[in-house]
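Subject: Structure for you, with notes

Hello,

Here is the structure for you to open alongside this message. My notes follow below it.

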Amino acid sequence: MRNGLSGVRRIIFSASVTALVMWVLLYAPTPYVVYEPGIAVPIEPMISLASGQPADKGQLLLTAVKLTEPNFWHVLKASVDGDKDVYSKDEVFGSYTKQQYSERLTVIMEGSQNDALEAAYRYLNVPYERKIEAIVVSDVLTIAGKPAGRLRAGDRLIGLRGGPAFTDVKTAAEAVMKALREQANTKDGTVMVTAQRGGEQLDIELKADLVDNVTSKETPQQFAELLGVKGFTELRSIKAENRLQELHISTDEIGGPSAGLVFALGAVNLLTEGDLTGGVKIAATGTITPEGKVGVIGGIMQKVVSTDQNGAELFLVPKGNEADAKSKARKMGTSMEIVGVESLEEAMDAIASFLKRR
């Protein structure tokens, strides 16, 4: 009888341990995220010209990394999968929740789209008007993992309480520092900066004695630090003087700045005669400045996989990502050509050279 009970206990114990292990592997939350190959989709439906000129038959592909919150079993598999990278949530999200992180990327994407349009207009010498519509917090400083101030990513700066609205980051910095100096010898000694979060107003109090820690020549970065912020995004409206040359970009749930280059190329394609792509699939990734400078991005190896899977023949990447992208392409054995560029002009030259050799 005792042997029978011992056998039952062993079975129950073994089943319990197995169930616990399975729960940990499949259901327990993990402190990791996984970067996987994501989308590589045509931008033609996302960008339009006021004149109604249709997109050409070629395709410019936007590529984005897929970010997943895996179970432990997925983490184990991803750690030995050459197409995936595992990161801690702290590395990726920092002090943000997943929703706050997503909102921050949306803000950055909106700024990137405007930079892309401005870069295209400058490249083609198209006259345009540039107006700053809002100053938005893009990232905040943290202390021990918590925000240093009251502002959060996505908050909009309005102006000094009771004063005119801020027009840009530079003049906002000048106005706040001037107000702080004027209040330095008063009894109150404070300045109130008004911000907006959703439909609610926020008043951020700054002490006049903070000016002692700032040099006589203010910079936007010093202004940001006073507010507990790492940086701002100036949301601008970019409009061509000729209405028929006005461009509009619309994306759904794609965030981040890495589509800047491909949107600039798409804008140039719509504003010029002929087909920029020569009728073939060309992918591009990289941040872009209004001056047309291309910057490095993350997830380049995953983007090489997704662009190749979607039939791209040429993949334009930032110069700083070129070595990693080509290394991944060699391991995959793909025939897709990869070219590193540092500017919109170089990207245009690379496409022309590729089509000439094709």
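Are Glu118 and Arg236 buried or exposed? Both residues are buried. Before the rest, please keep in mind that this is a predicted model.

Overall picture

The protein chain has 358 residues, and 44% of them are buried. It contains 10 helices and 17 strands. Of the contacts with a separation of 6 or more, 74% are between residues 24 or more positions apart. The accessible surface is about 18900 Å², and carbon and sulfur atoms contribute 50% of that.

Salt bridges

The structure holds 14 salt bridges. One of them is the pair from the opening question: the side chains of Glu118 and Arg236 meet with 3.4 Å from N to O. This pair links distant parts of the chain, since Glu118 sits in helix H4 (residues 98-124) and Arg236 in strand E11 (residues 229-240), 118 residues apart.

A second salt bridge joins Arg197 and Asp155, with the closest N and O atoms 2.8 Å apart. Here, too, distant parts of the chain are linked: Arg197 belongs to strand E9 (residues 190-197), while Asp155 is in the loop between strand E7 (146-147) and strand E8 (156-160), 42 residues apart. Asp155 has a relative accessible area of 1% and is buried. Arg197 is partly exposed, at 35%.

A third salt bridge is formed by Arg161 and Asp203, whose closest N and O atoms are 3.4 Å apart. Arg161 is in the loop between E8 and helix H5 (169-183), and Asp203 is in strand E10 (residues 200-207), so this pair also links distant parts of the chain, with the two positions 42 residues apart. Arg161 is exposed, with a relative accessible area of 52%, and Asp203 is partly exposed, with 21%.

Which residues are joined into one network by salt bridges that share partners? They are Asp115, Glu118, Arg122, Arg130, Arg236 and Glu291.

Two residues of helix H4

Ile108 is in helix H4. Its relative accessibility is 18%, and it counts as buried because the cut-off for that class is under 20%. Leaving out neighbours within four places in sequence, Ile108 is in contact with Gly256 and Pro257. The C-alpha atoms of Ile108 and Thr233 are separated by 6.9 Å, although the two residues are 125 residues apart along the chain.

Leu117 is also placed in helix H4. Leu117 is buried, with a relative accessible area of 5%. Which residues does Leu117 touch, not counting those up to four places away in sequence? The list is Ile238, Leu247, Ile249 and Ala267. For Leu117 and Ile249, the C-alpha to C-alpha distance is 8.7 Å, and the two are 132 residues apart in sequence.

After helix H4

Asn125 lies in the loop between H4 and strand E5 (128-140). Its phi is near 60 degrees, a positive value in a residue other than glycine. Most residues other than glycine have a negative phi. Asn125 counts as exposed, at 67% relative accessibility.

Strand E10

Glu205 is in strand E10. With a relative accessible area of 46%, Glu205 is partly exposed. Apart from neighbours within four places in sequence, Glu205 is in contact with Thr190, Val191 and Met192. The C-alpha atoms of Glu205 and Val191 are 5.9 Å apart, and the residues are 14 residues apart along the chain.

A charged patch

Which residues form a negative surface patch? Glu342, Glu345, Glu346 and Asp349 do. Of these, Glu345 is found in helix H10 (residues 344-357).

To go back to the start: Glu118 and Arg236, the buried pair, are both members of the salt-bridge network described above.

Regards

Definitions and conventions:
Residues numbered from 1 in each chain as written. Predicted model: local features only at pLDDT ≥ 70, side-chain atom pairs only at ≥ 80, totals over all residues. Heavy atoms only, no water. Patch = residues over 30% accessible without salt bridge, like charges linked within 9 Å, V, L, I, M, F, W, Y side chains within 5 Å. Areas by Shrake-Rupley, 256 points an atom, 1.4 Å probe, with all protein chains shown as cover. Salt bridge = Lys/Arg side-chain N within 4 Å of Asp/Glu carboxyl O. Lys, Arg positive; Asp, Glu negative; His and termini not counted. Charge placed at Lys NZ, Arg CZ, Asp CG, Glu CD. Helix = DSSP H or I, 4+ residues; strand = E, 2+ residues; numbered from the N terminus. Buried < 20%, exposed > 50% of the residue type's maximum accessible area, 1.4 Å probe, protein only. Contact = heavy atoms within 4.5 Å.
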